[in-house]
Number of protein chains: 2
Amino acid sequence: MKQVIIVGGVAGGATAAAQLRRINPDINITIYEKGRDISFGNCGLPYNIGGEVSDRDKLVAATPATMAERDIVVKTHHEVRSVDSEGRKLLVKDLEEDREFEAAYDYLILSPGGAPRTIPALLDVPQAFVLHNLEDLDDIKAHIAEHDVNKVVVIGAGYIGLELIENFVRRGMDVTFIHRSEEVYRPLEDDLGNFFIEEMERQGVDVRLNTEIVEVDGNVATLSNGEQVDAPMIVAGIGILPRTEFLGGSGVALNDAGFICTDETGCTSADCVYALGDAIETFYQHVDRKTTVALAWGAHRMAYVIANQIGGDDDVKFEGLLGTNIIRFFDYDIATLGLQQNEVREYDHFIVDHKQKNKAGYMDGSVPIRVRIYVSTEDGRILRAAVVGTEGVDKRIDLLAAHIRLGGTAEDLVNIEVAYSPPYSSPKSVLNMLGYKTIEKMKKFK
Amino acid sequence: MKQVIIVGGVAGGATAAAQLRRINPDINITIYEKGRDISFGNCGLPYNIGGEVSDRDKLVAATPATMAERDIVVKTHHEVRSVDSEGRKLLVKDLEEDREFEAAYDYLILSPGGAPRTIPALLDVPQAFVLHNLEDLDDIKAHIAEHDVNKVVVIGAGYIGLELIENFVRRGMDVTFIHRSEEVYRPLEDDLGNFFIEEMERQGVDVRLNTEIVEVDGNVATLSNGEQVDAPMIVAGIGILPRTEFLGGSGVALNDAGFICTDETGCTSADCVYALGDAIETFYQHVDRKTTVALAWGAHRMAYVIANQIGGDDDVKFEGLLGTNIIRFFDYDIATLGLQQNEVREYDHFIVDHKQKNKAGYMDGSVPIRVRIYVSTEDGRILRAAVVGTEGVDKRIDLLAAHIRLGGTAEDLVNIEVAYSPPYSSPKSVLNMLGYKTIEKMKKFK
């Protein structure tokens, strides 16, 4: 029987295993996972802190035992140390037994994910945490319980940082937010994100901008501006780095930033070696350009593609990504898709910006939605979009994703026949109006 | 200067006038409206009764005075009695002055709308109303105020009937619902709509099914089953008929049901005569078939098309409709699109049905969404869709509309890259899962 080895058992790896087993009962599948747990909902971790996921165990989608029922072998606390793609074998370390062994594969699926970044001042600080996996969640909650902590310092203004702030506030804790600059949540345009700091202050967060922690002594953190803050717990959410050091010399090509290069079949540069998840470089769907998108949708889709490539129908391909993403921050919903801000500058484009109520304007409780699209001057394609509001943002970004995917242009937005009734939209929806505005602007380029 | 006459000044007619003026300053535009008001948000009328549109005047988008500022002549209480499309003239009756006159046009735009249906037993009943325009709304509210009415009988189980029930309950009135059958809200499959009656009863509505009013004597209505109900006010929401009698002998073709036949330019069978709104027959976007859709989105889109055809760019075309629609009924959202149930039976199809939480399943407060699609066995096209739930239904139906419009098949739903974060979706969204289910089902047909 063919031997498939999967490196990493969180969302991407576990899903690939399940898909592969569903398609092909006659194949051996083994997952090596460095950590304690597999197949947990890592996007849900912050919401267990805040209480919106009240049952922590619901975050666990599968265990080694449930995987065994599907004849999938799971080895946790097993770290893959190196890959030999010529010889089709791995060096694996059993971290509990402290021993190394070789494992041979016919197909290898790499889903190593990312390693959370931290800052030098937090190394060896016992009350400093990250929130990357279930072990981290359990550690944070144990620390809160054991030390009766009611105050937390959050660093990092990306999506994990913001979700941590929201959820610690919801938990009733005093939150201090420390950030190196004034720029919060880089995926969003600064002028659209001007509510972030305002909202933090409204929620009682102690906001310290343009500074960072330089030293932690006991429960006190000293900042680069000389201030000191109470820090009985510090949680850093400052991004991840691809966990791909073990691929040095493997024959699997990495890009300059260390992400694993993949193609439309999920295959890497090495035969029979596939990769998915947060550690891969893939490509945009709507423009000819590489990208890395550390989000769950792409991992799940790629799991299906790879499972089919290996065990089923090799016509199933990965279409690339728009990087559609959304984050909730208290009452706000913030979503973007497409090229990043620094990337879109390289393309001739014009901007269409529109603000409109989410419901019929005469309805009490209707609230504004702001949509900005970056339109290719050349052909009217939507290169990038950002949507901000407090209701219905997810609807508009998903619609844009579906529209762009099938070749819909910005002008063409006028033709999307949305469901209209006063509680849901205007007869001419936010996106229809963006289309009409684009038509007027395009006239200048014709 | 060219003379454009518009028959009917509610949403469709008023919007066409405004669009035309925007495009072409050098044209005479006259609107003849039979009623008292123009350009009001008729979809919002029920919500003023319930209080969600607290400011009744916000329902009025434009008045004859504001139209005059844009050099658009509005004649209210003017009924167009007949059309001579050969001679390009109309016979108009000034209802206030009780005199008739002829008016000549270069272009004619017909937006007569529908006339609300009623039942014989309600003719000449002083406390019987419909809710079709602003005058009706004012009359209903005046009747409630003058007679201190706290009880209302609603007949009709279409969208107006349901919105009336919801809004009278919200107003705090006792509501009796009388309906000829047990089928509520025909656009939706019976087995998906089994919550309607349950919800009415939960809301304290007195539900009388399989019966109808046969006589009203004073404030008492007698039903066909012999029961009597207190009826100090009765409001009927039992549909509309196209108001097209005046087109007899006009040279403008009507279909068998009296709707005005139109093409992709909005033109009727008569030269220079266009039509839009609730009284037209148009065509489906996704299958080759005629349809009538008395909804606002199409009217607004057609207004733009006709304005461009007459005064601007005659490349602007109407794409046809999916009939995307949605209604709120208390906590429920109910949406459908595409062929109607009786129509879809004529096409070889199979059904894919899926129920999934609106958010990540582990989130407290996540609620199920049910989606049913009717997939063409021949080519995987989605012929019809229905979505029911209490959160996020509008998002899913709009996404389906955008997807189908650009040729996306049911299998292809797997590729829509939705914005995922636990408060908004699962990584594999409801629609992605429908796609995966379809792929499995399609295998049987290949």
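## Talking through a predicted two-chain model

Student: How many residues does the contact take from chain A and from chain B?
Tutor: Keep in mind that this is a predicted model. The contact draws on both chains, and each count covers one side of it. From chain A it takes 65 residues, and from chain B it takes 65 residues.

Student: What area do chain A and chain B bury between them?
Tutor: Carbon and sulfur atoms carry 55% of the buried area. On the chain A side, A:Trp297, A:Tyr362 and A:Glu417 lose the most area to chain B, together 16% of what that side buries. For chain A and chain B, the area buried is about 5,700 Å².

Student: How many salt bridges are there between chain A and chain B?
Tutor: Here's a pair to look at: B:Arg405 forms a salt bridge with A:Asp412, and their closest N and O atoms are 2.7 Å apart. Polar contacts are counted separately, and the rule finds 30 residue pairs of that kind across the interface, both residues at pLDDT 80 or more. For salt bridges between chain A and chain B, the count is 8.

Student: Which element gives the largest share of the side of chain A that touches chain B?
Tutor: Several elements give two or more residues to that side, among them α1, α7 (296-311) and α10 (430-442) of chain A. Strands are on that list too, including β22 (325-329) and β23 (332-338). The largest share is 9 residues, and it comes from α9(A).

Student: How do the residues of that side of chain A divide into nonpolar, polar and charged?
Tutor: We're still on the side of chain A that touches chain B, and its residues fall into three classes. The split is 30 nonpolar, 17 polar and 18 charged.

Student: Where does A:Arg22 lie, and which residues is A:Arg22 in contact with beyond its sequence neighbours?
Tutor: A:Arg22 lies in helix α1 (residues 11-23) of chain A. The side chain of A:Arg22 makes a polar contact of 2.8 Å with the side chain of A:Gln19. Leaving aside neighbours within four places in sequence, A:Arg22 is in contact with A:Tyr304 and B:Glu440.

Student: Why is A:Arg22 called partly exposed?
Tutor: Partly exposed covers the range between under 20% and over 50% relative accessible area. A:Arg22 gets that label because its relative accessible area is 45%.

Student: How is chain A divided into domains, and how far apart do the C-alpha centres of domain 1 and domain 2 lie?
Tutor: Chain A is divided into domain 1 (2-115 + 240-311), domain 2 (118-236) and domain 3 (335-445). Between domain 1 and domain 2 of chain A, 18 residues of the former are in contact with 16 residues of the latter. The C-alpha centres of these two domains lie 30 Å apart.

Student: What area is buried between domain 1 and domain 2 of chain A?
Tutor: Carbon and sulfur atoms give 60% of it. In domain 1, A:Leu45, A:Pro46 and A:Ile49 lose the most area to domain 2, together 37% of what that side buries. The area buried between the two domains is about 1,700 Å².

Student: How many salt bridges does the rule find across the interface of domain 1 and domain 2 of chain A?
Tutor: You can look up A:Arg170 and A:Glu52, whose side chains meet in a salt bridge (3.9 Å, N to O). Between these domains there are also 7 residue pairs in polar contact, both at pLDDT 80 or more. For salt bridges, the rule finds 3.

Student: Why is B:Ser39 called buried?
Tutor: B:Ser39 lies in the loop between β2 (27-32) and α2 (45-50) of chain B. Beyond neighbours within four places in sequence, its contacts include B:Gly9, B:Val10 and B:Leu59. Buried means under 20% relative accessible area. B:Ser39 is buried because its relative accessible area is 10%.

Student: Which residue's side chain is joined to that of B:Arg370 by a polar contact of 2.6 Å?
Tutor: B:Arg370 lies in strand β25 (residues 368-376) of chain B, and is partly exposed, with a relative accessible area of 25%. Not counting residues up to four places away in sequence, B:Arg370 touches several residues, including B:Asp191, B:His354 and B:Val387. The side chain in that 2.6 Å polar contact with B:Arg370 belongs to B:Asp353.

Key
Residues numbered from 1 in each chain as written. Chains lettered and ligands numbered in written order. Predicted model: local features only at pLDDT ≥ 70, side-chain atom pairs only at ≥ 80, totals over all residues. Heavy atoms only, no water. Helix = DSSP H or I, 4+ residues; strand = E, 2+ residues; numbered from the N terminus. Buried < 20%, exposed > 50% of the residue type's maximum accessible area, 1.4 Å probe, protein only. Contact = heavy atoms within 4.5 Å. Domains from an automatic or database assignment. Buried area = accessible area lost by both parts, 1.4 Å probe. Salt bridge = Lys/Arg side-chain N within 4 Å of Asp/Glu carboxyl O. Polar contact = N/O pair within 3.5 Å; in protein donor to acceptor, adjacent residues only side chain to side chain. Nonpolar A, V, L, I, M, F, W, Y, C, P; charged D, E, K, R; others polar.
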